[in-house]
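Trainee: I am new to this structure and would like a close look at one part of it. Please take the aromatic side chains and then whatever lies around them.

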Amino acid sequence: MQSTLHIHARYPWIPQKTHIPSHKLSFLSNSTTSLKPFTTTNSLKTPVNFGCCFGEEEDFNLDFPFAPSRLPVIIRQPSGISQYCWDGNELKLVSLDGNSLTLSDFCLNFEQGFQRLVRVYGSAVRNFFLPKEVSENYLEYVKWKFVHRVFSSALQVLATQAMFRAIGVGYSHSLPSAAALNWVLKDGLGRLCRCIYTATLASAFDTNLKRVRFSTSVLFSLSIGIELLTPVCPQYFLVLASIANIAKQICLACYLATGTAVHKSFAVSDNLGEVSAKAQIQLVCFDNLGLMLAAVLNILCRNNPRLQAGLPFLVYPIFSALDLYGIYQGLKHVHLQTLTKDRLEIIVSLWIEQGRVPSPAEVSKEEGIELFWAKGRKPFPVRIGCLNAKNQLPKLSMMTIQNLKSWDFYFLCLERFANKGGCMEQYGILLSLREGAGTAEIIMAILHAFYVRKGLLCCWGRWESNLDVLNRSDAFLEEWLDLIENGKESAEVNLKLLIEQMSSSGWNSKNILLSTQEQARYSLLVD
């Protein structure tokens, strides 16, 4: 247990050169005197009492106070703050924050003693469940995690109980069996699908963590609903159980893959191990509460077999809604400091508009959680990747590629694509990165693209009414080249200041996480 020792610079408790008779110093010549190891107690009995003088290069000071006094040493521990005090005969540790409680204190003043008792045990529970040093949003995350895990665990027990009923296990034995074998059913065929899923979406766990985690939570809730259907359709038990198990294994893979990043966002002093350990404690305790909730519901319905059989269908909509709402609210309090394309776009956009870098909490609120990718949601969306032959503007694309320089680490080009309905053409900005482009070059490229986007929004009204001439119009090509040059100049001027402010705002600007499609690179033949 860590503790901090503070020593004051001045020592008013030490008297001015008190004379000590020689017979009181006889212990120094006693060869039988032994030094016992130090033990941590509230009372340090010392047969010989002497003072000390800190930081002075002179002979050992044997002056000491005879009257009771407080010593200038404070001990800070997780259990509270204490100070060494001298009562004339003994050295004692006295609590400064009221957390120290004795039986005599409790008996003399019951009300005050009870309050102190609650405070002491509250501090102990807090230290048991929560890490010592975490970000300020961690407690809100744990509250919603509690809601999520309790109702999710209760649903899992009820669903497993329904599956045992479907294969003929009696009602009286289904609840204990569900509690004991709840984890065993996670194995089997689902492991293979879990491997395929993690291999397919490996990079998405970093770039779209919240989106993937919430979408798999919805899938997990649906898998429980499938398990609840097994008593209704016992002839399809194997099919339904296999589908539900596959879905659960996929959700488990996502939970394990994203857990480290979530815990790291709360570890403010590199105490990732402690945060992960406390998360396991919370998981076990919350799941056990969910198991108890399911047991209580079954006990209340034990005298009505029909109600007991329909209980899972009654509570499933309510518990699922609370489960998903807890996950949604909990993810809103996860403020990731890693940079992705989406977060970098939010940062750069606010930088251009207001001249400041938003904090991870602001970006987390703006980023939100979306289940579906909305391409073209904003005018001229920026896409990182390679030039698509189907979406190109031939003349503009050809001119862009011909003008590539050996020192360029990226190029920008205009591309077109159809909207969701496929009935209307939209335009976006393609950002293609070269092999060897580092973090600074990627930030520079996105900053450049947003300056070009800002210029396009200003001049697009002149071309919007006649989009067919864009590829053939020399005037538009010249205007595009001007936007590229002006945007590049603005990006070069502001790049250094932007990176500095990002680092000071808490962002990890050493790396940028890109998806599999965004990791595509081009290279020149001269490379």
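Mentor: Phenylalanine 151 has a relative accessible area of 19% in this predicted model, and because buried means under 20%, this residue counts as buried. Its partner, phenylalanine 319, is buried as well, with a relative accessible area of 9%. The two rings form an edge-to-face aromatic pair, with 4.9 Å from centre to centre and 65 degrees between the planes. This pair joins distant parts of the chain: phenylalanine 151 belongs to helix H3 and phenylalanine 319 to helix H10 (residues 305–332), 168 residues apart.

The whole structure holds 8 aromatic pairs. Another of them is formed by tyrosine 138 and tyrosine 141, whose rings are tilted, at 6.3 Å centre to centre and 35 degrees between the planes. Both tyrosines lie in helix H3 (residues 138–166), and because they are 3 residues apart there, about one helical turn separates them. Tyrosine 138 is buried at a relative accessible area of 2%, and tyrosine 141 is buried at 9% relative accessibility. Together with Phe266, Tyr138 and Tyr141 make up one aromatic cluster.

Phe266 leads to the next element, since helix H8 covers residues 237–266. H8 packs with helix H9 (residues 272–300) at an angle of about 125 degrees, and their axes are 9 Å apart. That angle makes H8 oblique to H9, because it is neither in the range of 65 to 115 degrees for roughly perpendicular nor over 145 for roughly antiparallel. The crossing of H8 with H9 is right-handed. On the H8 side, the contact is made by Tyr255, Thr260, His263 and Lys264, which meet Leu272, Val275, Ser276, Ala279 and Leu283 in H9. By type, the residues of this contact are 5 nonpolar, 3 polar and 1 charged.

Aspartate 270 sits in the loop between H8 and H9. This residue has a positive phi of about 60 degrees, although it is not a glycine. Its relative accessibility is 76%, so aspartate 270 counts as exposed.

Phenylalanine 380 also has a positive phi, about 55 degrees, without being a glycine. This residue is in the loop between helix H12 (360–367) and strand S7 (382–384). At 5% relative accessibility, phenylalanine 380 is buried, whereas aspartate 270 is exposed.

Terms used: Residues numbered from 1 in each chain as written. Predicted model: local features only at pLDDT ≥ 70, side-chain atom pairs only at ≥ 80, totals over all residues. Heavy atoms only, no water. Axes fitted to C-alpha atoms, helices over the stretch in contact; angles between N-to-C directions. Helix = DSSP H or I, 4+ residues; strand = E, 2+ residues; numbered from the N terminus. Parallel < 35°, antiparallel > 145°, perpendicular 65-115°, else oblique. Left-handed = near helix turned anticlockwise from the far one by under 90°. Contact = heavy atoms within 4.5 Å. Nonpolar A, V, L, I, M, F, W, Y, C, P; charged D, E, K, R; others polar. Phe/Tyr/Trp six-rings, centres within 6.5 Å; stacked < 30°, edge-to-face > 60°. Buried < 20%, exposed > 50% of the residue type's maximum accessible area, 1.4 Å probe, protein only.
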